[in-house]
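Colleague: I'm still new to reading structures. Could you pick a single part of this one and walk me through it closely, then show me how the rest fits around it?

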Amino acid sequence: MSIVKRWAVTYTKHLKQKRKVYQDGVLELCGSGKKVLLYDDCEKLIDSKYLKNDEVVECGRTVTLEAHLVDIGVLEESRAPLADINVTGVRSTERHGAGSQKEWNALYTTQITQKAKKFHDGFLQLSVCGSYMDQVTLLNEEGVVLGSKYVKSSEFIKTGKTFELLNYLVEIFELRIVEGSKTNPEI
(Lines give C-alpha, C1' and ligand atoms only; values in the text may rest on other atoms or scores of the structure.)
Protein backbone atom coordinates (compact mmCIF):
# COMPACT_ATOMS: atom_id res chain seq x y z
CA MET A 1 0.00 0.00 0.00
CA SER A 2 1.58 3.30 -1.09
CA ILE A 3 1.35 6.61 0.76
CA VAL A 4 -0.37 9.50 -1.00
CA LYS A 5 -0.44 13.25 -0.49
CA ARG A 6 -3.85 14.89 0.03
CA TRP A 7 -4.88 18.52 -0.41
CA ALA A 8 -8.08 20.27 0.61
CA VAL A 9 -9.37 21.81 -2.62
CA THR A 10 -12.24 23.68 -4.17
CA TYR A 11 -13.39 22.54 -7.59
CA THR A 12 -15.92 23.45 -10.25
CA LYS A 13 -17.34 21.76 -13.30
CA HIS A 14 -17.96 25.20 -14.88
CA LEU A 15 -14.78 25.38 -16.93
CA LYS A 16 -15.87 28.00 -19.45
CA GLN A 17 -18.47 30.09 -17.56
CA LYS A 18 -17.52 33.49 -16.16
CA ARG A 19 -19.31 32.87 -12.87
CA LYS A 20 -18.12 29.58 -11.44
CA VAL A 21 -19.74 27.70 -8.55
CA TYR A 22 -17.12 25.98 -6.40
CA GLN A 23 -17.47 22.99 -4.09
CA ASP A 24 -15.18 21.53 -1.43
CA GLY A 25 -13.25 18.36 -2.11
CA VAL A 26 -9.97 16.48 -1.76
CA LEU A 27 -7.19 15.98 -4.30
CA GLU A 28 -4.88 12.99 -3.92
CA LEU A 29 -1.49 12.59 -5.58
CA CYS A 30 -0.66 8.89 -5.85
CA GLY A 31 2.69 7.56 -4.63
CA SER A 32 4.12 7.53 -8.18
CA GLY A 33 3.54 11.30 -8.40
CA LYS A 34 1.99 10.95 -11.84
CA LYS A 35 -1.73 10.53 -11.15
CA VAL A 36 -4.14 12.82 -9.28
CA LEU A 37 -7.59 11.79 -8.06
CA LEU A 38 -10.36 14.31 -7.24
CA TYR A 39 -12.91 13.37 -4.58
CA ASP A 40 -16.03 15.31 -3.56
CA ASP A 41 -16.73 16.19 0.09
CA CYS A 42 -18.32 12.74 0.61
CA GLU A 43 -15.03 11.22 -0.65
CA LYS A 44 -16.57 9.84 -3.84
CA LEU A 45 -14.15 9.76 -6.79
CA ILE A 46 -15.34 12.23 -9.43
CA ASP A 47 -12.33 12.82 -11.73
CA SER A 48 -8.71 11.80 -12.30
CA LYS A 49 -5.76 12.68 -14.50
CA TYR A 50 -2.23 11.58 -15.29
CA LEU A 51 0.08 14.58 -14.89
CA LYS A 52 2.48 15.77 -17.56
CA ASN A 53 6.16 16.17 -16.63
CA ASP A 54 5.89 19.97 -16.28
CA GLU A 55 2.70 19.92 -14.14
CA VAL A 56 3.18 20.48 -10.41
CA VAL A 57 0.63 19.93 -7.64
CA GLU A 58 1.15 22.33 -4.72
CA CYS A 59 -0.78 24.74 -2.51
CA GLY A 60 -2.06 27.80 -4.38
CA ARG A 61 -1.94 26.27 -7.86
CA THR A 62 -4.83 25.49 -10.19
CA VAL A 63 -5.07 22.15 -12.00
CA THR A 64 -7.38 21.47 -14.94
CA LEU A 65 -8.75 17.93 -15.09
CA GLU A 66 -10.87 16.54 -17.91
CA ALA A 67 -14.16 17.85 -16.49
CA HIS A 68 -13.14 20.01 -13.50
CA LEU A 69 -11.09 23.07 -12.61
CA VAL A 70 -9.38 22.55 -9.23
CA ASP A 71 -7.94 25.24 -6.91
CA ILE A 72 -5.48 23.52 -4.57
CA GLY A 73 -5.57 24.45 -0.89
CA VAL A 74 -3.57 23.16 2.05
CA LEU A 75 -1.65 19.88 2.12
CA GLU A 76 -3.27 17.48 4.55
CA GLU A 77 -1.45 14.67 6.30
CA SER A 78 -0.14 11.86 4.09
CA ARG A 79 -2.03 8.59 4.39
CA ALA A 80 -3.13 5.48 2.54
CA PRO A 81 -5.18 6.21 -0.60
CA LEU A 82 -8.96 6.39 -0.14
CA ALA A 83 -9.42 3.58 -2.65
CA ASP A 84 -7.42 1.25 -0.35
CA ILE A 85 -9.38 2.01 2.82
CA ASN A 86 -12.51 0.06 3.73
CA VAL A 87 -14.67 2.63 5.50
CA THR A 88 -18.10 2.34 7.06
CA GLY A 89 -19.91 5.60 7.75
CA VAL A 90 -18.83 9.12 6.90
CA ARG A 91 -15.34 10.34 7.74
CA SER A 92 -14.52 13.95 8.47
CA THR A 93 -11.94 15.57 6.18
CA GLU A 94 -11.46 18.57 8.47
CA ARG A 95 -7.96 19.37 9.62
CA HIS A 96 -7.30 20.74 13.08
CA GLY A 97 -4.38 22.76 14.31
CA ALA A 98 -3.27 23.80 10.82
CA GLY A 99 -2.90 27.46 11.62
CA SER A 100 -4.23 30.49 13.39
CA GLN A 101 -7.93 31.09 13.82
CA LYS A 102 -10.12 34.20 14.20
CA GLU A 103 -13.79 34.47 15.13
CA TRP A 104 -16.36 37.21 14.60
CA ASN A 105 -19.84 37.65 16.02
CA ALA A 106 -22.22 37.53 13.08
CA LEU A 107 -25.83 37.62 12.02
CA TYR A 108 -26.94 35.14 9.34
CA THR A 109 -30.05 34.46 7.30
CA THR A 110 -31.23 31.96 4.72
CA GLN A 111 -33.56 34.59 3.21
CA ILE A 112 -31.03 35.83 0.68
CA THR A 113 -33.43 37.18 -1.95
CA GLN A 114 -36.19 38.62 0.29
CA LYS A 115 -36.22 42.33 1.10
CA ALA A 116 -37.29 41.79 4.72
CA LYS A 117 -34.83 39.32 6.20
CA LYS A 118 -34.95 37.56 9.57
CA PHE A 119 -31.43 37.27 11.00
CA HIS A 120 -30.10 34.83 13.61
CA ASP A 121 -27.14 35.14 15.98
CA GLY A 122 -24.04 33.12 15.26
CA PHE A 123 -20.35 33.46 14.65
CA LEU A 124 -17.93 33.15 11.78
CA GLN A 125 -14.56 31.37 12.08
CA LEU A 126 -11.63 32.03 9.77
CA SER A 127 -8.97 29.31 9.82
CA VAL A 128 -5.75 30.22 8.07
CA CYS A 129 -4.91 27.10 6.09
CA GLY A 130 -1.85 28.28 4.19
CA SER A 131 -0.43 31.17 2.25
CA TYR A 132 -3.13 30.98 -0.44
CA MET A 133 -6.30 29.56 1.08
CA ASP A 134 -8.38 30.15 4.22
CA GLN A 135 -11.46 28.30 5.46
CA VAL A 136 -14.51 30.26 6.59
CA THR A 137 -17.02 28.41 8.79
CA LEU A 138 -20.45 29.69 9.92
CA LEU A 139 -21.70 28.40 13.28
CA ASN A 140 -24.95 29.07 15.14
CA GLU A 141 -25.08 30.19 18.81
CA GLU A 142 -24.72 26.62 20.06
CA GLY A 143 -21.60 26.04 17.95
CA VAL A 144 -23.25 23.81 15.33
CA VAL A 145 -21.59 24.15 11.91
CA LEU A 146 -24.04 25.54 9.36
CA GLY A 147 -21.70 25.83 6.40
CA SER A 148 -18.13 26.43 5.33
CA LYS A 149 -16.10 27.23 2.28
CA TYR A 150 -12.53 27.84 1.25
CA VAL A 151 -11.61 31.34 0.15
CA LYS A 152 -8.47 32.79 -1.32
CA SER A 153 -6.37 34.68 1.23
CA SER A 154 -6.83 37.82 -0.87
CA GLU A 155 -10.58 37.87 -0.03
CA PHE A 156 -11.06 40.07 3.01
CA ILE A 157 -13.16 38.80 5.89
CA LYS A 158 -13.47 41.62 8.44
CA THR A 159 -15.87 43.59 10.62
CA GLY A 160 -18.58 45.44 8.71
CA LYS A 161 -18.47 43.23 5.61
CA THR A 162 -21.22 41.00 4.23
CA PHE A 163 -20.20 37.48 3.24
CA GLU A 164 -22.08 34.84 1.24
CA LEU A 165 -21.93 31.13 1.95
CA LEU A 166 -24.02 28.56 0.12
CA ASN A 167 -27.62 29.23 1.31
CA TYR A 168 -26.54 31.88 3.86
CA LEU A 169 -26.00 35.62 3.87
CA VAL A 170 -23.72 36.65 6.75
CA GLU A 171 -23.17 40.12 8.23
CA ILE A 172 -19.87 40.24 10.12
CA PHE A 173 -19.68 42.18 13.40
CA GLU A 174 -17.01 42.55 16.10
CA LEU A 175 -14.00 40.25 16.43
CA ARG A 176 -14.29 37.73 19.26
CA ILE A 177 -11.40 36.76 21.51
CA VAL A 178 -10.76 33.02 21.13
CA GLU A 179 -9.35 31.37 24.26
CA GLY A 180 -5.72 30.33 23.82
CA SER A 181 -5.18 32.50 20.74
CA LYS A 182 -3.01 35.55 20.34
CA THR A 183 -5.39 37.37 18.03
CA ASN A 184 -4.91 41.09 17.69
CA PRO A 185 -8.38 42.66 18.04
CA GLU A 186 -7.22 45.67 16.02
CA ILE A 187 -7.07 43.67 12.75
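**A charged network and its surroundings**

Modeller: Let's start with a trio: Arg 6, Glu 28 and Glu 43 are tied together in a network of salt bridges. Keep in mind that this is a predicted model. The general idea is simple: side chains of opposite charge can pair when their charged atoms come close. Take Arg 6 and Glu 28, whose side chains meet in a salt bridge with an N to O distance of 3.2 Å. Arg 6 sits in strand S1 and Glu 28 in strand S2, so this pair, 22 residues apart, links distant parts of the chain.

Are these two residues buried or exposed? Buried counts as under 20% relative accessible area. Arg 6 comes out at 0%, so it is buried, and Glu 28 is also at 0%, so it is buried too.

Now look at the strands that carry them. S1 covers residues 4-12, and eight of its nine residues are buried, so this strand is largely enclosed by the rest of the structure. S2 runs over residues 23-29 and pairs with S1 in the antiparallel sense, over seven bridges. If you want a spot to check by eye, find Lys 5, which stands opposite Leu 29 in S2.

Glu 28 also gives us a way to reach another strand. Glu 76 lies in strand S6, residues 69-79. Along the sequence, Glu 76 and Glu 28 are 48 residues apart, while in space they are 9.7 Å apart, C-alpha to C-alpha. Glu 76 has 6% relative accessibility, so it counts as buried.

How many salt bridges are there by this rule? The count comes to five. Among them is one between the side chains of Glu 55 and Lys 49, at 2.8 Å from N to O. Here Glu 55 is partly exposed, at 26% relative accessibility. Another joins Arg 61 to Glu 58, with the closest N and O atoms 3.1 Å apart. Arg 61 is partly exposed at 38%, and Glu 58 is partly exposed at 35%.

Now for the nonpolar side of the story. The largest nonpolar core has 15 residues, and those touching the most other members are Leu 124, Val 136, Leu 138, Ile 157, Phe 163, Val 170 and Ile 172. At least two core residues come from each of strands S7 (101-109), S8 (120-128), S9 (133-140), S11 (162-165) and S12 (168-176). S12 gives the most, with four residues. A second, separate core has 13 residues, including Trp 7, Leu 27, Leu 29 and Leu 65. You've met Leu 29 already, as the residue opposite Lys 5.

How are the strands around the largest core arranged? Six strands form an open sheet with antiparallel pairing, in the order S10-S9-S8-S7-S12-S11. S10 (145-152) and S11 stand at the edges with a single partner strand each, so one side of each has no neighbour in the sheet. From one strand to the next, the twist averages 35 degrees. Inside the sheet, eight bridges join S7 to S8, and Tyr 108 has His 120 in S8 as its bridge partner.

One last stop is Gln 135, in strand S9. With a relative accessible area of 14%, Gln 135 is buried, and its side chain makes a polar contact of 3.5 Å with that of Ser 148. Ser 148 also appears among the residues that Val 136 touches, along with Leu 124, Ile 157 and Phe 163.

Key:
Residues are numbered from 1 along each chain as its sequence is written. This is a predicted model: local features need pLDDT of at least 70, side-chain atom pairs count only at pLDDT 80 or more; totals for chains, interfaces and linings use all residues. Side-chain values use heavy atoms; hydrogens and water are left out. A nonpolar core is a set of buried Ala, Val, Leu, Ile, Met, Phe, Trp, Tyr and Cys residues joined through side-chain atoms within 4.5 Å. Buried means under 20% relative accessible area, exposed over 50%, partly exposed in between (1.4 Å probe, protein chains only). Contact means heavy atoms within 4.5 Å. Two strands pair if DSSP finds at least two bridges between them. Axes are lines fitted to C-alpha atoms, for helices over the stretch in contact, and angles run from 0 to 180 degrees between N-to-C directions. A polar contact is a pair of N or O atoms within 3.5 Å; within protein, one must be able to donate a hydrogen and the other to accept it, and residues adjacent in sequence count only if both atoms are side-chain atoms. A salt bridge is a side-chain nitrogen of Lys or Arg within 4 Å of a carboxyl oxygen of Asp or Glu. Lists of a residue's contacts leave out its neighbours within four places in sequence.
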